[in-house]
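Me: Please take a close look at a single strand of this model and describe what lies beside it. I would like one connected account that keeps residue partners together with the strands they belong to.

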Amino acid sequence: MSGKVSRSGPLPDGTVDVAVVGGGVVGAAVARELAGRQSSDGRALSVALVEARSDVGDGTSKANTAILHTGFDATPGTLESRLVRRGYELLGGYAEQAGIPVERTGALLVAWTDEELATLAGLADKAVKNGYRECEIVGADEVYRLVPALGPGALGGLTVPGESIICPWTTTLAFATEALARGAAVLLNTRVKGVERDGDGETVLVTNRGPLRARWVVNAAGLGSDRVDRLFGHERFTVTPRRGELLVFDKMARPLANRIVLPVPSSRGKGVLISPTIYGNVMLGPTAEDLRDRTDTSTSEEGFAFLVDKGLALMPTLMNEDVTASYAGLRAATEHGDYQVHLDAAQRYLVLGGIRSTGLTSSMALAEHAAGLLAEAGLVTSVREDPPGPPRMPNIGEAFPRPYMCDDLIAGDPAYGTVVCFCERVTAGEIRDALASPLPPADIDGLRRRTRAMMGRCQGFFCGAEIGRRLALTKESR
């Protein structure tokens, strides 16, 4: 089976070796990993990445805090702790190869009460148990030296120099693009509605676009992972969508937050953070609200009020800056305190469920772990000799050269000097390249995630019509 993108056409004929359900960052990482392997007879595995939406990374993966975690504060001994630590190293190296923007900003955990201050020693000890030894407890003077804009009242802090910020959109897209280059089929707009078994031990995924036959199935369906798990007859966990609302401040605010500012976690969660973003903004959030509706990514008046109050206490001067955007993401919380990874060898089925906000960091480690579990269960594979390597992704990070800044690039192709989105300095060349890429966007939102177009101060007021026109013309010519 050769790599192809299918949004509405027929599904692959015959039986694929592995169907990966869910095209978020974890599913895309698994598809990439398995597509780089071969069976015992030397044949490359046939892999299908099955995504219900019109684009990869369009669910939980597109709306997170975009932090590359060291895992310093994970629960020691859990699968999550181990995979976050491994994933931090894997993704950090992969990002350099693929051109995924990463900034090694470091983080500062701030204690505002005597109780929180007393907790820092335990958090430093937890970090050591998780294999991270770079944390340091500091006093109030050092806290304000590191982040002068903090509000009054900080008593001390814990430094975490390895915490970093990363582009989640480019990460998911890079995994899926490499999976495609390795021969995987990327099946978009394909929702799994049922599961059937045939006499040969194969699984038939019943989808809205027809049946898809697979020898093995990996469930990486995020918010829908428990529902897919139940299609296989299991009742192991329940996903509760946890909404996190965030405010995004204008680039003028960036000097206020040169590193990630973390709260001391409590029994109610990790709390509200202030973080620079890879795109040059500053982010405040998230809230944490359990919902029933797995599609409700709306923002709320209550959420905004909560964040404003937090912001005024944490960094009052930040609240004088312009808010250019707000958004809400849903995390796949479960009743368990760890990732829900279960293998059913008889069914040739593996579930990767309950992958919370750390899933971006652990994605490559989860894929590696999944490949190992499948191999132990009978999917005999080895790494292909020369699988296609990481694609070189377009840079959309603010701290690295963008096309409009590169005279040599513009000299070779003037489209890279023709700015279309002035707020974010997105050029006609970048928009053209995104629309002609192996995994092109299906809509404006997908184009925004690939280029940053329409994501600045005016939110598309100036450039939206022109960008929509370019997208429509490209669709007509396909």
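Reply: Leucine 247 has serine 326 as its bridge partner in β20, and this contact belongs to a longer pairing in the predicted model, in which strand β15 (residues 240-249) and strand β20 (residues 323-333) run antiparallel and are joined by ten bridges. Leucine 247 also stands opposite leucine 284 in β18, so that residue has a named partner in β20 as well as one in β18.

The pairing between β15 and strand β18 (residues 282-285) is again antiparallel, and it comprises three bridges. A further antiparallel pairing links β15 to strand β19 (residues 289-290) through two bridges, and here arginine 242 of β15 is found opposite aspartate 290 of β19. With β20, β18 and β19 as pairing partners, β15 is also mostly covered, since eight of its ten residues are buried.

For comparison with another pairing in the model, strand β7 (residues 107-111) and β16 run in the parallel sense and share four bridges, with isoleucine 260 of β16 serving as the bridge partner of alanine 107. In strand β16 (residues 260-263), Ile260 and Leu262 point one way while Val261 and Pro263 point the other way, and all of these residues are buried. Isoleucine 260, the partner of alanine 107, is therefore among the buried residues of β16, the cut-off for buried being under 20% relative accessible area.

How values were computed: Residues are numbered from 1 along each chain as its sequence is written. This is a predicted model: local features need pLDDT of at least 70, side-chain atom pairs count only at pLDDT 80 or more; totals for chains, interfaces and linings use all residues. Side-chain values use heavy atoms; hydrogens and water are left out. Buried means under 20% relative accessible area, exposed over 50%, partly exposed in between (1.4 Å probe, protein chains only). Two strands pair if DSSP finds at least two bridges between them.
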